[in-house]
Amino acid sequence: MTVLAARAVSMQFPGTLALDCVDLEVSPGKVHGLVGENGAGKSTLMRILAGVETPTGGRVEGDAASGGVAMIYQELNLLPNLSVADNIFLGRERTRRGLIDRRAEERETAAAMARLEQRIHPGALVGDLPLGQQQIVEIAKAIARDARVLIMDEPTSALSAAEIAALFRLIRDLKRRGVAIVYVSHRLEELLAIGDSITVLRDGRVVAEAEVARATVPWIVEKMTGHAASERETREPGISELSSLPPKLEARIGEVAVSARSGEIVGFYGLMGAGRTELFETLIGLRGAKHERITLAGRAVERLDIPGRIRSGLALVPEDRKASGIVPTLSVRENMTLAAPKREHRRAPGLAEEMQIRCAGLDCPVASLSGGNQQKVLLSRFLMASPKVLLLDDPTRGVDVGAREEIHHTIRTLAGRGMAVLFASSELEEVLALATRIVVMARGRVTAEFSRAEATEEALVAACGGTA
Amino acid sequence: MTATLFRLRALVALVALLVTFSCLSPAFLSAANLTILLKHVAINAIMAIGMTFVILSGGIDLSVGSIAGLAGMIAGGLIDHGLVLRPFGVVVYFQVWLVIAIALMGGALVGAINGLLVARLSVAPFIATLGTMYAARGAALLLSNGATFPNLAGRADLGNTGFPLLGEGTVPIWLMVAFGVAAALVAARTRFGRHVYAVGGNERAAQLSGVRVKRVKLLVYVISGICSGAVGLIVASQLVAAHPATGQSFELNAIAAVVLGGTSLMGGRGGIGGTIAGALVIGALADGLVLLGVSEFWQIVIKGIVIIVAVVLDQLQRRIQWQPSVK
């Protein structure tokens, strides 16, 4: 039995075939995992299933048209200026005699929150909630619509371990009620934990389908990338070798103390809103702090402005590449050389090659590149300045598995050349794979610090204030 | 507590002004002076009420002053000269309530043009309403070739007397109260009102939640057009004459009242109550400074400073709300 099915669905965009004869059946009471690298066509398929887009070929059978399909988008689609209840009922407000029945809305919101085991006040302003709770509101919004099919795009990207556990309990509850769920995530372990079946997309085609019971992470990665998963590189310099060097960066900001030596890759792990971004922005000078002391290669820089700190050898690659990094209207070359002096511009082609930026040419618009390649362009812009200390805020967010490996490789190479790298990530796997030292942050403080050898997933999660 | 006072800063400023001026000038709190003050405020407040909807939705309406002028001229023309239907060789004189309805419809029409330009053709609100600001002002001038319609009292034999009633005594004040109450209810308690906040807060999110974004945008400009039309009628009624230059630079006063009232120019935050308080602050300031004999030029300087302070406070409020977690 199926509630929603894509039959030979194709989607032709100008220049690219995003989907090529895709079949997908969604059955009630089942969780369907959908995976694929960026650009594989997942988002397009989801939008077609949700009825937001019409395919150029094939058809969708089922509830899409009747509003029985709800979609939880990865980027939050919430209104920070309205209350939780307002958000959940937006577009289908409860009214009495033409006026909004705020009490009924708040009552039903409270009930939805109870089902999610969350204590979020229905009257609270969404903008005042931490990101994790905003994600919960997004989920509650979809659930409150009593949809028969729920499409979730990376629903856990901003959730703590405890919140993920609650979400999974809710998903199981929804399954029992016969709701069909399409679950998209880069976190493959999660898919294996909650999914019933798994569909792998590559280049707009379904390349593999399996029951979750028979799937493994390496198998999925192989199907996604088209080649066997590469061995994790872990270059571990001897601890003694590192600690004998003077730190490249030493900083104390309020109660947070940070240091990094040449060749070190320090991973800052924490949930969204843990203060990692704020820490990096304070280091580069974007934010002021009451008590800060920052020493870069032995020189105090806390009195310098941003250009001064950059000249001293500090660079920050921001988290949100769309909002504060890439200039989409400019070419790849212009984006790479934006911050560099004219005489350095000739280094662009070599650097592009080194960074393995895949594009039709350096003069093509940067917007035509995939997310992973855009991130590489951004990274090369900062490398043009030959920094001594590199701050990377979530360097692989929204980047597919293949590009992620390449970015990791680049980071290791840079550290190998003597750069001190600090990066922030909310993904355990990434922190464990890349960092030589791990700092855990929660609520604006450092809660724990591990060397690569002593770090375990459990310890990191526990230090975040989630469940141990 | 501090946060609440901060949020209601327009009200706090108003109370402070009232106390200061009543101490400095005994005439300030007299019934006669307060009536004059409120009548001035009413004109700006009604216009600012419409403007609030537009700004809450994330837009801006520069055409309000011109719409006021145009609506006054439509009413003036219809009362003084009637509607000339050349092919039939007749001149139709409407009753005053119909004249008012037609003039308001004229305001709504210009508003609808603004709305269509913004919602359907995706013209930036600043540009779209800048264009209609000129066009509507030109239309007002064309209606009389730049002249004033001098006598709006109407003629008993034509059955169109009564227009001056609209601006008489405390009528404008009660109109302001009526507009204010209705608008506050619409903004805070109706589906449409919530959708206005939603569009101003995050247009994409609103769209994906099923809000008809284009219709909301169209309607806010129509509301603004009607409010501005009403202002034009009140002014014409008070003067018992319609002048095509009526309403020039009113848009800036209206925007100032909205901003002073704590409505964010980015959209999505604020409300009608604040706007009324903002209009009262501007009105009380002007009135009080006149009573104190402050030079007219200084008054303009002070008004500018007050607006800047209001926006700076708005920024401060946002910074307080978004405290970084790393101190």
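Helices (H or I, at least four residues) and strands (E, at least two) are DSSP runs, numbered from the N terminus. The model is predicted: local features need pLDDT of at least 70, side-chain atom pairs count only at pLDDT 80 or more, and totals for chains, interfaces and linings use all residues. Residues are numbered from 1 along each chain as its sequence is written, while chains are lettered from A and ligands numbered from 1 in the order in which they are written.

**Exercise 1. The long helix of chain B**

Compare the span of helix α10 of chain B with the expected one, then say how far the helix is covered and what follows it.

Solution.
1. α10(B) covers residues 213-239, which is 27 residues.
2. The expected span is 1.5 Å times one less than the number of residues. For α10(B) this gives 39 Å, and the helix reaches 40 Å from its first C-alpha to its last, close to that value.
3. A residue is buried if 20 or more other C-beta atoms lie within 10 Å of its own, exposed if 12 or fewer, and partly exposed in between, with C-beta atoms placed from the backbone. By this count 22 of the 27 residues of α10(B) are buried, so the helix is mostly covered.
4. Just after α10(B), Val240(B) has a positive phi of about 50°.

**Exercise 2. The overall form of chain B**

Decide why the radius of gyration of chain B agrees with that of a compact globule.

Solution.
1. The radius is taken over C-alpha atoms, and the globule rule is 2.2 Å times the number of residues to the power 0.38.
2. For 327 residues the rule gives a value near 20 Å; chain B has 21 Å, which agrees.
3. The C-alpha trace of chain B spans about 80 × 55 × 35 Å along its principal axes.
4. Chain B contains 13 helices and 2 strands, and 50% of its 327 residues count as buried.

**Exercise 3. Where chain B meets chain A**

Find which elements of chain B give two or more residues to the side that touches chain A.

Solution.
1. Two residues are in contact if their C-beta atoms, placed from the backbone, lie within 7 Å. On this basis 21 residues of chain B are in contact with 27 residues of chain A.
2. The elements sought are α8 (191-201) and α9 (203-208) of chain B.
3. α8(B) gives the most, with 5 residues.
4. Ala, Val, Leu, Ile, Met, Phe, Trp, Tyr, Cys and Pro count as nonpolar, Asp, Glu, Lys and Arg as charged, and the others, Gly among them, as polar. The side of chain B that touches chain A then has 8 nonpolar, 7 polar and 6 charged residues.

**Exercise 4. A strand and a helix of chain A**

Show why strand β3 of chain A is described as largely enclosed, name its partners, and treat helix α9 of chain A likewise.

Solution.
1. In β3(A), residues 31-36, 6 of the 6 residues are buried, so the strand is largely enclosed by the rest of the structure.
2. Val31(A), Gly33(A) and Val35(A) lie on one side, and His32(A), Leu34(A) and Gly36(A) on the other.
3. Strands pair if DSSP finds at least two bridges between them. β3(A) has 4 bridges to β9(A), residues 180-184, running parallel, and His32(A) stands opposite Val182(A).
4. With β10(A), residues 197-202, β3(A) has 5 bridges, also parallel; here Val35(A) stands opposite Val200(A).
5. Helix α9(A), residues 276-284, has 8 of its 9 residues buried, so it too is largely enclosed. Just after α9(A), Gly285(A) takes a positive phi of about 100°.
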